[in-house]
Amino acid sequence: MFKFYFALWTSKFFSLIFRILAKVSSRKGTNLPGQIAIRLCPDFLGKIGKPEKIIAVTGTNGKTTTANFVSNILEDNGRKVINNRAGSNIASGIATALLSGVGLRNKTKGDVAVLEVDERSAPRVFPYVHPDYFVITNLLRDTTNREPHPHFVFDLFDKSLPDTTVMVLNGDDILATRLKKNNKRLYYGIDALEGDRPESFNIINDMKVCPECHSQLVYSNVRYNHIGKVWCPKCGLSSPEDDYRVNKIDYKNRTLTLKEKDGEHVYPLISDSSFHIYDELAAIAVLRAYGLSDDEVSSSFKKLKVLESRYREDVIGGVKVVAHMAKGQTAPACSVVFDHVRGLEGKKEIVLAIEDAHKNIHSSENMAFLYDTDFEFLKDDDIERIVVVGVRAKDILCRLLIAGIPAEKIATVESEDNILDVLELRKGLDVYILYEVYQIVIYNKIKAAIARKLEGKADEN
């Protein structure tokens, strides 16, 4: 145990140093203490003190939003929560989070840990950290250079998760429902709604063939990619019966009705977009399974909203300006945002900042995801203009032209500094800034430039 305690005390010391540095500089070093701990003691995650209950959250899209919902509601209901929202979702970030929740004697201070887990980190985390509940939002095709296919990610989870973990699964994702078949499981899903399609309308659908008998699957309704209700006419494989099922959404009064085992309950509707509704539903399902009442969950949800780093809406100088994260290099994430935006009322001009060519070690030159992404969704009469920002703007321009979008509707600029040269910015034309997860700085610059111009116009009037 000497190695472990040496790692614990050393990483605790560096945690203090990093907190002091964070107050006097922009450097945060959020997962460095965990890196140090694991370097000094490779099985640190197994020996670090942990709360009585652990909830792990993952998925191609929505894991951050869902994990934050769960943490916030547990805290609102008096639980002491340890989470990694301030750090990364890889092994070192999880080690840092657990480190913050123990004292020098390795005694935990928390009631429950809520840990967002990166898919690739599963084999390095779950042999040591055994979640009581494992929430998965979806399994979709992700970045080409990391998770090239959802079945690859499926295998990572299926082989590394403990047999004792309760699986809280998206019942509308036929791939996710097959994880850890012998574990106790709970499903959540959404009934067929107006606007659902009878078959997938995306370029990508990675579950066209039955995983049991390899026959063609039949969908009764699809929301995006392979998310929907499905069955196999040959072997009978089908979407499971949901334990938590949304059977009504009232967009006007901002509520959703959820059918559970003990009856129907009404919860606040956090967002109109289907992917955020799934995030909310996933959080409700695991919180109810954890033991919170529907009243406790519902009351807490009334205080929440989607993170502003994911979605924000402002009215500046009479023009609605909406920021919406569209996870770059991830075709399904971009496609579902494009589909959502085109379905909103009103005339629009769209700013696309979805490349990741910037000063970041995680950037990639692989642009193959553009041809898996449904840019065709932006071919809409209400979208009057599309402005593409970045050094790879011409690559995206090419893809937009292939999608059939008229060239006169498209403008490209290499730098966000030139964005005002090509945006109309007039009343009655909403602006949607769709930005990649690492492009939050660029988004802030674009928004600030738009605000200066619109507020200047307002002053002139």
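**Exercise 1. Backbone outliers**

Does Asn225 count as buried or exposed, and at what relative accessibility? State also where Asn225 lies and how its phi compares with that of Arg254 in sign.

*Solution.* The model is predicted: local features need pLDDT of at least 70, side-chain atom pairs count only at pLDDT 80 or more, and totals for chains, interfaces and linings use all residues. Residues are numbered from 1 along each chain as its sequence is written, and side-chain values use heavy atoms, with hydrogens and water left out.

Step 1. Buried means under 20% relative accessible area, exposed means over 50%, and partly exposed lies in between (1.4 Å probe, protein chains only). Asn225 has 3% relative accessibility and therefore counts as buried.

Step 2. Asn225 is found in the loop between strand E7 (218-224) and strand E8 (227-231); helices (H or I, at least four residues) and strands (E, at least two) are DSSP runs, numbered from the N terminus. Although Asn225 is not a glycine, its phi is positive, at about 50°.

Step 3. Arg254, also a residue other than glycine, has a positive phi near 60°. Arg254 lies in the loop between E9 and strand E10 (255-260) and is partly exposed, with a relative accessible area of 33%.

**Exercise 2. The nine-stranded sheet**

Determine the strand order of the open sheet that contains E6 and E9, and identify its edges.

*Solution.* Step 1. Two strands pair if DSSP finds at least two bridges between them. The order of the nine strands is E2-E3-E1-E4-E5-E6-E9-E10-E11, with mixed pairing.

Step 2. Strand E2 (81-83) and strand E11 (263-268) each have a single partner strand, so one side of each lacks a neighbour in the sheet.

Step 3. On average, neighbouring strands of this sheet are turned by 20° against each other, direction ignored. Axes are lines fitted to C-alpha atoms, for helices over the stretch in contact, and angles run from 0 to 180 degrees between N-to-C directions.

Step 4. Helix H4 (residues 63-76) packs on the sheet and touches strand E1 (53-58), E2, strand E3 (112-116) and strand E4 (133-136), where contact means heavy atoms within 4.5 Å. The direction of H4 makes about 165° with that of E3.

Step 5. Strand E6 (residues 185-190) and strand E9 (residues 244-250) run parallel and are joined by three bridges. Ile190 stands opposite Val246 in E9.

**Exercise 3. The six-stranded sheet**

Describe the open sheet that contains E14 and E15, and the helix that lies across these strands.

*Solution.* Step 1. The six strands follow the order E12-E13-E17-E14-E15-E16, and the pairing is mixed.

Step 2. The edges are strand E12 (311-316) and strand E16 (410-413); each has a single partner strand, so one side of each is left without a neighbour in the sheet.

Step 3. E14 and E15 pair in the parallel sense over five bridges, and Arg385 in E15 is the bridge partner of Glu349.

Step 4. Helix H11 (residues 393-402) lies across E14, E15 and E16, at about 165° to E16.

**Exercise 4. An aromatic pair**

Classify the pair of Phe338 and Phe375, and explain which parts it ties together.

*Solution.* Step 1. Rings of Phe, Tyr and Trp (its six-membered ring) pair if their centres lie within 6.5 Å; planes under 30 degrees apart count as stacked, over 60 as edge-to-face and the rest as tilted. The count by this rule is twelve aromatic pairs.

Step 2. Phe338 and Phe375 are 5.2 Å apart centre to centre with 55° between the planes, a tilted pair.

Step 3. Phe338 belongs to helix H10 (residues 331-342) and Phe375 to the loop between strand E14 (347-353) and strand E15 (383-389), so the pair ties together parts that are 37 residues apart in sequence. Both Phe338 and Phe375 are buried.
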